[in-house]
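Work through the exercises below with the sequence and the model open. Each task is followed by a solution in steps.

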Amino acid sequence: MSRRPHAQILEATRRALDAEPDATGALTRAVEILKSAVSDYTWVGIYLLDGDELVLGPYVGKPSPHTRIPLGRGICGAAATEKATIIVDDVNADARYLACSIETKSEIVVPIMRDSEVLGEIDIDSDRPAAFGPDDRTLLESVAALLVSRLDSRRA
Ligand code: SME
């Protein structure tokens, strides 16, 4: 697996967000940086909570059929409902999984939270089984924390 040190990725993201005045532009830069920094990250996207649905925002990778996900559905819906990061080593063994690509083997979903309010989430798929570990969780939860200041509250 080729990857830059996570501290470098986080710092690059921080700099890019500081330089990007537009909120959507900031989310776009974040997904671009993550996608290019870690070769195992096959699909990187951000969903934003709109009422009781997660709506797909900026992403890098193949188009997903899941552009709106109700909170009760998918691994994305589960992470938002549980307000916790979910790592799935084998998506085909998880009944919650909503397929995006036949090649996807593992997934991580990290809520973007302001206090206890879910604003959205970072969703990353990998073509490699069990591609996500504690270091990915730490990196992505740090990126999610950076993104909070760029997002509005979107209460139902
Ligand atoms: N796999 C997700 C759906 C989104 S796609 O991966 C882009 C889920 O189970 O919620």
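**Exercise 1.** State where the ligand sits and how much of its area the protein covers.

Solution. The ligand sits in the largest cavity of this predicted model. Next, look at the polar contacts to the backbone. A backbone N or O atom of Ile 75 lies 2.9 Å from a ligand oxygen. For Cys 76, a polar backbone atom is 2.8 Å from an oxygen atom of the ligand, and a polar backbone atom of Leu 98 is also 2.8 Å from a ligand oxygen. On its own, the ligand has 310 Å² of accessible area, and the protein covers 100% of this.

**Exercise 2.** Identify the residues around the ligand and the element that gives the most to the shell.

Solution. Begin with the count: 13 residues surround the ligand. The closest are Ile 75, Cys 76, Leu 98, Glu 107 and Asp 125. Then assign the shell to elements. At least two shell residues come from each of β1, α3 and β6. The most come from α3, which supplies 3.

**Exercise 3.** Decide whether helix α3 is largely enclosed or not, and find what its buried residues pack against.

Solution. Take buried as under 20% relative accessible area. In α3 (residues 74-82), Gly 74, Ile 75, Cys 76, Gly 77, Ala 78, Ala 79 and Ala 80 meet this cut-off. Because 7 of the 9 residues are buried, the helix is largely enclosed by the rest of the structure. The packing partners of these buried residues are the strands β1 (43-50), β2 (53-60), β3 (68-70), β4 (86-88), β5 (106-114) and β6 (117-126). Finally, check what follows α3: Lys 83, with a positive phi near 55 degrees.

How values were computed. Residues are numbered from 1 along each chain as its sequence is written. This is a predicted model: local features need pLDDT of at least 70, side-chain atom pairs count only at pLDDT 80 or more; totals for chains, interfaces and linings use all residues. Side-chain values use heavy atoms; hydrogens and water are left out. Buried means under 20% relative accessible area, exposed over 50%, partly exposed in between (1.4 Å probe, protein chains only). Helices (H or I, at least four residues) and strands (E, at least two) are DSSP runs, numbered from the N terminus. Contact means heavy atoms within 4.5 Å. A residue is near a molecule or strand if one of its heavy atoms lies within 4 Å of it. A polar contact is a pair of N or O atoms within 3.5 Å; within protein, one must be able to donate a hydrogen and the other to accept it, and residues adjacent in sequence count only if both atoms are side-chain atoms. Accessible areas come from the Shrake-Rupley method with a 1.4 Å probe; for residues, only the protein chains shown count as cover. On a 1 Å grid over the protein atoms alone, a cavity is a set of points where a 1.4 Å probe fits but cannot get out, and a pocket is an open set with protein on both sides within 12 Å along at least five of seven lines; lining residues have an atom within 4 Å of a point. A molecule sits in a cavity or pocket if more than half of its atoms lie within 2 Å of its grid points.
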